[in-house]
Amino acid sequence: MARKKTEATGSKDPAKKPAQDDEVVGKVYDGRLMRRLLTYLGPYRLQVIFSAIAILIKAAADVMGPYLVKVAVDTYMTGPPARLSWLARHLDPRPMTGVTQLAMLYLGALTISFGLEFVQTYLMQWTGQKIMFDLRSQIFRHLQRMSPSFFDRNPVGRLVTRVTSDVDALNEMFTSGVLAIFEDVFVLAFIVIIMLRMSWPLALLTISVIPAILYVTSIFRKHVRDSYRRQRSATARINSFTQEYVSGMAIVQLFNRERRAFDDFSTVNAENKRAWTDAIFAYALYYPIVELLSSTAIALVIWRGGIGILHTETFRWLTPHTYQIPGSGAIHTSLFGTVSVGVLIAFIQYAQRFFRPIQDLSDKYNILQAAMAAAERVFKLLDTQSEIVPPAHPVAGDGSGRVEFRDVWFTYQDLDEHQLARIKDASPAELQSFADIEWILRGVSFTIEPDETAAIVGHTGAGKTTITGLMMRFYDIQRGEILVDGVDVRRQDLTTLRRRFGVVLQDPFLFTGTIADNVRLGSSWITDEQLERACDEVNVGDFIRTLPMQFKEPVQERGATLSTGQKQLISFARALAHAPRILILDEATSSVDTDTELRVRLALSRMITGRTSILIAHRLSTIQRADTILVMHKGQLREKGTHQELLAQRGLYWKLYQLQYKDQELGAAPTGDVRLEPLGAD
């Protein structure tokens, strides 16, 4: 297989591996990202509106309790005040009845708050789950449209993090972030308004510690921001590392690398632990400091409010007020009015409630920051355009199954516009001399006629698999043309083009499900009869019928319960069931035993009948009856012809043949080896 330009997924020190966009921390608030996120609320705007109304009313109900206590104390417990409030004037003058009415109002406010909190929580959690579903579906659909080169550059673990952890962060913002911030703001606003109405000097005294809290919060945010960045980066590396090593666990165990793998994982895991430990330390220090400052504010309120009650005055230096000290008869001018017991009790309760939303806002800060970072990464993924762009006006082929390469030059490197311009205007000799471009295919031209069987041979890295990938337009070439069914693949609809092909790879891949699911692979038009016929034609039907559930037998991830040969035969049945016009077999028999290979070769004659077939093989015995054999060497088509013609030329193909059958006469079986029937023999 031609060497592809890929990012390495291994590292001597995984903890120091660059995480690219996983390092993104995000602003606390990014208007551009927020506007884009809010578009996902569009289909659920009714639920959001109801939630917003519920939050507003709930915030008002939450702050009613202390005020009702103040009215009860001042009206019925310490003697009626000189001036009754609006609420007190509408209460029964009898203390027992009036207190009962206030208690009922308090209970009603609590009930309303409970009911509205249930409505708001349920609606926003429901909306958050809907948004998560929509967003994950969008990401997965987008990943399905990306070209193979995108997955060459992006580790699977990082993409999994986008679909899982980042979407979870956005869900937390929708359910516990945006509207909850509005609730905290409404509660703070209502509390401040009520406190200012009751006693603005005490209100100012209550909020006097806010500058100190803001200063502490700024320091806290800076440390948490750095810890969060390291935690997100470490989490992405853990996902990538785990996916890579679990997938290759057989190799790890084969070479006794468990200790080394565990040490590497421990390094990444320790970085994640340190990041979380630093964040926990910051939280453990921040909340007690805020609690201390809030308690200080409450103590100041009790101190000055208590003095005001004891002397029937408050803050004599602030507001003019005439008062008389009891028992003295002397008239003095106070600079502030009196503070009642009810006002002091209400202030203490309001002060306690005032600092809870402030602490909550710090948590919401982290939720917003995490969401902005997650949104930036998710939208960066969604905004990544596939390198393979379908044509605006696709042209249909003639359906003949003809394949033609015309002077094709290809590299896996990402080329800039300047390099592409040089390639367009350069001669073949100049293209060969471009030192900054590592060509995989160099001026390859050939034609495979309809219903013809062509074989591609050559050393590893010669470009054999690359040729088949370009036929299905997994990559775009830099120069030349590739025609399938008489039309350039870049002018054809991708879905229609790829539906023309059936591919069996060297390493068969089976999905979790049943055997029937893996043969159909989502193609509901394949009937049970067609499915069983395809399995019988590749000689795997008898084996499947011996299984307990036959074609409905469960298949574990990657077909772990099946042998390589069984998986390969099921892959053959999958390709045949889809009735492709062009069949590609890429080293399809190289990893199976002799018995399985014989089964496959007996089925090949039936599979290639009536369709164009392309075989890639190192075993020359499997391609000797091909109509055309293409010999690739270092990205160039060096020889072309039938088996006998190429042997007569005594060139590269002849050398390959000699390497495999040194002591074999032409047409004789290899000495000491099992005789393999020629392709298509019965």
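**Helix packing and a small enclosed space**

The axes of helix H2 (residues 45-62) and helix H5 (residues 95-145) come within 8 Å and cross at roughly 150°. Here helices (H or I, at least four residues) and strands (E, at least two) are DSSP runs, numbered from the N terminus. Axes are lines fitted to C-alpha atoms, for helices over the stretch in contact, with angles from 0 to 180 degrees between N-to-C directions. The model is predicted, so to speak of a local feature pLDDT of at least 70 is needed, side-chain atom pairs count only at pLDDT 80 or more, and totals for chains, interfaces and linings use all residues. Residues are numbered from 1 along each chain as its sequence is written, and side-chain values use heavy atoms, leaving out hydrogens and water.

With that angle, H2 and H5 are therefore roughly antiparallel to each other; the cut-offs are under 35 degrees for roughly parallel, over 145 for roughly antiparallel, 65 to 115 for roughly perpendicular, and oblique for the rest. Their crossing is left-handed, meaning that the near helix is turned anticlockwise from the far one by less than a right angle (clockwise would be right-handed). Contact means heavy atoms within 4.5 Å, and among the residues that meet are Phe-50, Ile-55 and Lys-58 in H2 and Leu-116, Glu-117 and Trp-126 in H5. Sorted by class, this contact has 12 nonpolar, 5 polar and 3 charged residues. Ala, Val, Leu, Ile, Met, Phe, Trp, Tyr, Cys and Pro count as nonpolar, Asp, Glu, Lys and Arg as charged, and the others, Gly among them, as polar.

Next up is helix H13 (residues 341-383), whose axis comes within 8 Å of that of helix H7 (residues 156-176), crossing at roughly 140°. H7 and H13 are therefore oblique to each other, and they cross in a left-handed way. Leu-159, Asp-166 and Met-173 are among the H7 residues involved, while H13 brings others, including Lys-364, Ile-367 and Leu-381. This contact holds 13 nonpolar, 1 polar and 5 charged residues.

H13 also packs with helix H10 (residues 210-247), at about 30° and with the axes 11 Å apart. That makes H10 and H13 roughly parallel to each other, and the crossing is right-handed. Phe-220, Tyr-228 and Arg-232 are among the H10 residues that meet H13, where Phe-354, Tyr-365 and Arg-377 are included. The class split is 11 nonpolar, 4 polar and 4 charged.

As for empty space, the whole structure has 2 cavities of 30 Å³ or more. On a 1 Å grid over the protein atoms alone, a cavity is a set of points where a 1.4 Å probe fits but cannot get out, and lining residues have an atom within 4 Å of a point. The second largest has a volume of about 30 Å³. Its lining includes Gly-458, His-459 and Leu-656, and S13 gives the largest share, 3 residues.

Notes. On a 1 Å grid over the protein atoms alone, a cavity is a set of points where a 1.4 Å probe fits but cannot get out, and a pocket is an open set with protein on both sides within 12 Å along at least five of seven lines; lining residues have an atom within 4 Å of a point. Grid points are joined across faces, edges and corners, and a volume is the space filled by probe spheres set on the points.
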